[in-house]
Amino acid sequence: MPDFVPSLATIFTFALASLVLIVTPGPDMALQLSRTINYGRGHGLAAALGSNIGILVHSTLVALGISVLIVAAPMAFLALKIAGALYLLFLAVQAVRAGARGLQLSLADRKPPPLGQSFLAGVMINLLNPKVVLFFITFLPQFVSAEDPAASGKLFVLGAEFVLIYLPCCLLLVLAADRIALLLRTSRWVARTLNYGFAAVFAGFAALILTSRAQH
């Protein structure tokens, strides 16, 4: 087995720990639900793919040691927090507007945004989240020894493993949301309430991001 590949025990333990963390609700999950319910399965899948790309970028930055530099620089970390919070507030406003409109009975009667916009939203919601940076800085290194000469390679492999576990979970979430959306479109009141709930979730995570600290 190549030096940069972790042991089977590490891979298995990391998979179990990752699964527990993945099923914990977060803004990325709320985004995927929101896009699926409001615009259809394609947009939910695009947001899910973007979220995974954002995670893969973060794991790569950790493997290269760049994330540590961002957290260690107060101004850089502050800028990341502000950007992440503002983006979540932007998504909250979008959810409020969608709630005010209510869901149409048919997606064909609507003018959804381009799929690329949902994909970009998925990328940005993880890429601009400083809590994701702190998570990968504190979580991944627990499974790799700092003295290991192949540490960077192993960190990258574990990051890729996280994505391989995260992606199927996202797909199952989107498919389930798509089924639920069929029921929600018969009740505009329920759809409106759900979108306002998404807005509250995004705003709440924006507040959490602003209070996050670089110390870990």
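How many cavities of 30 Å³ or more does the structure hold? Keep that question in mind while the whole chain is on screen, and remember throughout that this is a predicted model.

Begin with the protein chain in cartoon view, where the secondary structure comes to 9 helices and 0 strands, so that the order of elements from the N terminus reads α-α-α-α-α-α-α-α-α. If you then colour the 216 residues by burial, 43% of them count as buried. Switching to a surface view, you are looking at about 10,800 Å² of exposed area, of which carbon and sulfur atoms supply 73%. With contacts drawn between residues at least 6 apart in sequence, 86% of these contacts turn out to join residues at least 24 apart.

Next, turn to the interior, where the structure holds 1 cavity of 30 Å³ or more, and where about 40 Å³ of space lies in the largest cavity. To display its lining, select P27, G84, Y87, L88, M124, I125, L128, N129 and I209.

Now add helix 5, residues 74-101, and helix 6, residues 115-127, each of which supplies at least two residues of this lining. Helix 5 gives the most to the lining, with 3 residues.

Finally, colour the lining of the largest cavity by residue class: it divides into 7 nonpolar residues and 2 polar ones, with no charged residue. With the selection still active, the view takes in P27 and I209, both among the residues that line the largest cavity.

Note on methods:
Residues are numbered from 1 along each chain as its sequence is written. This is a predicted model: local features need pLDDT of at least 70, side-chain atom pairs count only at pLDDT 80 or more; totals for chains, interfaces and linings use all residues. Side-chain values use heavy atoms; hydrogens and water are left out. Helices (H or I, at least four residues) and strands (E, at least two) are DSSP runs, numbered from the N terminus. Buried means under 20% relative accessible area, exposed over 50%, partly exposed in between (1.4 Å probe, protein chains only). Contact means heavy atoms within 4.5 Å. Accessible areas come from the Shrake-Rupley method with a 1.4 Å probe; for residues, only the protein chains shown count as cover. On a 1 Å grid over the protein atoms alone, a cavity is a set of points where a 1.4 Å probe fits but cannot get out, and a pocket is an open set with protein on both sides within 12 Å along at least five of seven lines; lining residues have an atom within 4 Å of a point. Grid points are joined across faces, edges and corners, and a volume is the space filled by probe spheres set on the points. Ala, Val, Leu, Ile, Met, Phe, Trp, Tyr, Cys and Pro count as nonpolar, Asp, Glu, Lys and Arg as charged, and the others, Gly among them, as polar.
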